[in-house]
Amino acid sequence: MRTSVLAACVAVALTAGPLAAPALAAPPSASASASARATAGPDAEALCAAIAGLPDGDATAALVRVGGTGGSWHGSSGVRDLVSGRAADPDARFRAGSTTKVVTAAVVLQLAAERAVDLNRPVQHYLPGLLSKRFKPITVRQLLNHTSGIQPGDALGETLEEVYEHRFDTLSPRQVVASAVAKGPEFRPGKQQHYLNINYTVLGMLIEKVTGHSYATEATRRVLHPAKMWDTYFPGTDPRIRGPHNRGYQRMKQPDGTTRLVDVTEWNQADRWAAGDMISTTADLERLIDTLFRGRIVPQPQLREMFTVPRVKDTTMKDATMSAGLQRFVYEGTVYWIKSGARYGYSTAIGATRDLSRTVVYSLNDTNAKDEAFNPVAERIVGAALKQGVSGRDHLCN
């Protein structure tokens, strides 16, 4: 199966001039030299090389967008599906996984700005009876930054293969929370950080209780529409990806011990909900991070929560890195605020410097999504995306 990178890696090269200057200044922790380095344009040649050769054993398609004050680049490679071998659609929708948490956090912080929610108040106040008496008071902020101590909820199976057999079944968010509550707390609230979907599932319930509307309605009204994310939506129990999309494949074990790629595009993601069921595009996610970081979705006082990491250790005894909806990531001395996400067949990441001097969005049709090891294609993309090129020079992948 052959992919023409000249046709599929449609790199629309570097813009003729810099993007509009960001409204926000660099944070105090960002050095002037790091900020200056980030004003150079993306390295188009390195980015083309990073996504060349797809499909391969790690991914069947890649969609990438890199932007910032020095220019922008976007490209794609791979195939729409393994049967036809048609070039991947660069505007395709995909399962955005846990990047959904950025949207959920933004909604909660908006509600905090409106004084409808107090981040220091226990979630038990807003959702009485949801947690058992075994749980000490857990603040809304502790849910946002994953220091709640609530354990993970159950899934529809223990292995990928078991869950796949139930891919069209519905596991409701309330069932997921009930199974988590039954396990009792993992640790005292605020003492550790454990990144888990359950925190944002509870936040989804909080949003519905406080507003009286569905999570999807509030997230769409408060975040998607202001960010002009017209191709993004929440599928609920619908297992399909509506609109143009590239098929997702996952490597699975077979009864004879071998593995093969299985088409996992259709999958009911209802249990991921406010923690990870969003369907989006790279262009929409780029607009999300740009609009959000400029303070056009969440007011500045509350937006600081997204760039504040609690001073605790995580469950592996490393310093915490998760904030409200984002994660602090340092690369060659520059701080990036990122969020990754994965659903079977798809993995995604968004990230940017605080001052938007460099932004990165990618989506992979990942054949080992949810695996603990970092996908080699994703690793190449990140390395190339954060590398500085020459601004203002057109470059097509070939």
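**Group meeting: a six-stranded sheet and two nonpolar cores**

Let me start with one pair of residues, Ile338 and its bridge partner in β11, which is Gly351. This is a predicted model, and I will walk outward from that pair through the sheet, then turn to the cores and to two buried residues.

The bridge belongs to the antiparallel pairing of β10 with strand β11, residues 346-352, which extends over seven bridges. These two strands make a hairpin with two residues between them, and in that hairpin Gly345 takes a positive phi near 95 degrees. Strand β10 itself, residues 334-343, is mostly covered, with eight of its ten residues buried.

On the β9 side, Ile338 appears again, since it is the bridge partner in β10 of Gln327. Five bridges join β9 to β10, and these strands also run antiparallel. They too form a hairpin with two residues between the strands, and here the turn residue with a positive phi, of about 50 degrees, is Glu332.

If we now step back to the whole sheet, there are six strands in the order β2-β1-β12-β11-β10-β9, forming an open sheet with antiparallel pairing. The edges are β2, residues 73-78, and β9, residues 327-331, each of which pairs on one side only. Ignoring direction, neighbouring strands in this sheet are turned against each other by 20 degrees on average. As a general reminder, the strands of a sheet pair through backbone hydrogen bonds, in either a parallel or an antiparallel manner.

At the other end of the sheet, which strand has ten of its ten residues buried? That is β1, and because every one of those ten residues is buried, the strand is largely enclosed by the rest of the structure. On one side, β1, residues 59-68, is joined to β2 by six bridges in an antiparallel arrangement, and one of the pairs there is Val66 with Trp73 of β2. The two strands form a hairpin with four residues between them, where Gly71 in the turn has a positive phi of about 135 degrees. β1 is also joined to β12 by eight bridges, again antiparallel, and within that pairing Leu63 has Ser363 of β12 as its bridge partner.

What packs on the sheet? Helix α14, residues 376-385, does so, touching β1, β9 and β12, and its direction makes about 165 degrees with that of β12.

Let me move to the cores. The largest nonpolar core has 75 residues, and those that touch the most other members are Val103, Val140, Leu144, Ile150, Leu292, Phe293 and Met306. Helix α4, residues 100-113, supplies the largest share of this core, nine residues. Taking Leu144 as an example, and leaving out residues up to four places away in sequence, its contacts include Ala105, Val108 and Leu109, and also Tyr200, Leu203 and Ala324. There is a second, separate core of 24 residues, which includes Ala44, Ala62, Val360 and Ile381.

Two further residues deserve a closer look. Leu130 sits in the loop between α5 and α6, and it counts as buried because its relative accessible area, 17%, is under 20%. Apart from neighbours within four places in sequence, Leu130 is in contact with Arg174, Val177, Val181, Val202 and Met205. Its C-alpha lies 7.9 Å from that of Ala178, although the two are 48 residues apart in sequence.

Pro173 lies in helix α8, residues 173-182, and is likewise buried, with a relative accessible area of 15%. Beyond residues up to four places away in sequence, Pro173 touches Thr201, Met205, Ala270 and Trp273. Its C-alpha is separated by 9.8 Å from that of Ala275, which is 102 residues away along the chain.

For the chain as a whole, there are 14 helices and twelve strands, and of the 398 residues, 56% count as buried. Among contacts with a separation of 6 or more, 72% are between residues 24 or more positions apart.

Finally, a word on confidence. The chain averages a pLDDT of 90, and 88% of the residues score at least 70. Over residues 1-38, however, the pLDDT is below 50, although this stretch has 84 contacts in the model beyond near neighbours in sequence. Residues 391-396 also have a pLDDT below 50, with 16 such contacts. Where pLDDT is low, the predicted coordinates should not be read in detail.

Note on methods
Residues numbered from 1 in each chain as written. Predicted model: local features only at pLDDT ≥ 70, side-chain atom pairs only at ≥ 80, totals over all residues. Heavy atoms only, no water. Pairing = 2+ DSSP bridges. Axes fitted to C-alpha atoms, helices over the stretch in contact; angles between N-to-C directions. Contact = heavy atoms within 4.5 Å. pLDDT = per-residue confidence, 0-100. Core = buried A, V, L, I, M, F, W, Y, C linked by side-chain atoms within 4.5 Å. Buried < 20%, exposed > 50% of the residue type's maximum accessible area, 1.4 Å probe, protein only.
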